[in-house]
Amino acid sequence: VTEEDPFFGDKADTLEQEGLPLSKSYLLRADELPSEEVLTFMRLCLLKEKDAFILEPIFRDDLWKDHIREPFSEQNEGEICDLMVDWASQRSGGFSKPLDENMLILESGRMFPGSREERALAACVGEQRALKSISEFFQRRRASFSDIQFYQERRLIKLNLLTEDGRSTYDPFKDDIA
């Protein structure tokens, strides 16, 4: 969370309430999905514009554990996906060889097992695999937005204004609506 963010104070208060720092590093691995905490932290950091209402003190007690634990809005989740795909792409561009080529070299047996060169290449392949995995995860996530229930829909269902399948519970012919 940066101090330039117009909602810095509210976001900082939320993180403080949860015992988290303003800036945090997370370990992302090729064989693991990003943790719930990573996604929640990113949702908070990227809340803005019309979504920022949820930062109001009245929602604060439930913000971290409920409201942004799950996808908040299509805009917010889309920005997370775009940010992470761009981040992974930029980092991947810094390698001298593509992942496939590095894996072929590593698997070819041309390097002395346990040598510095082999360990360095193995570390490079691991990082490239992690970046590829992260990029693919967020690309799939963005493509699945039609299957994701965002905050607004979850809230309307909780208030019994929508059914689980997204249909309105409003009946204009019912007389008992106050």
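**Exercise 1. Describe the largest pocket by its volume and its lining.**

Solution. Begin with the space itself: the largest pocket holds about 470 Å³, where a pocket is an open set of points on a 1 Å grid over the protein atoms alone at which a 1.4 Å probe fits, with protein on both sides within 12 Å along at least five of seven lines, and lining residues have an atom within 4 Å of a point. The model is predicted, so local features need pLDDT of at least 70 and side-chain atom pairs count only at pLDDT 80 or more, while totals for chains, interfaces and linings use all residues. Residues are numbered from 1 along each chain as its sequence is written, and side-chain values use heavy atoms, with hydrogens and water left out.

Next, take the lining, which has 16 residues, with Lys-24, Phe-41, Met-42, Leu-83 and Met-84 nearest the centre of the pocket. Helix 2 (36–45) and helix 4 (74–92) are the elements that each give two or more residues to this lining, and helix 2 supplies the largest share, four residues.

**Exercise 2. Find the buried residues of helix 7 and explain how they are arranged.**

Solution. First, list them: in helix 7 (residues 151–158), the buried residues are Tyr-151, Arg-154 and Ile-157, buried meaning under 20% relative accessible area with a 1.4 Å probe, protein chains only. Seen down the helix axis, these buried residues fall within an arc of 130 degrees, so they line one face of helix 7. Finally, look at the cover over these buried residues, which includes helix 3 (60–67).

Technical notes
The arc is that of the directions from the helix axis to the C-beta atoms. Contact means heavy atoms within 4.5 Å. Grid points are joined across faces, edges and corners, and a volume is the space filled by probe spheres set on the points.
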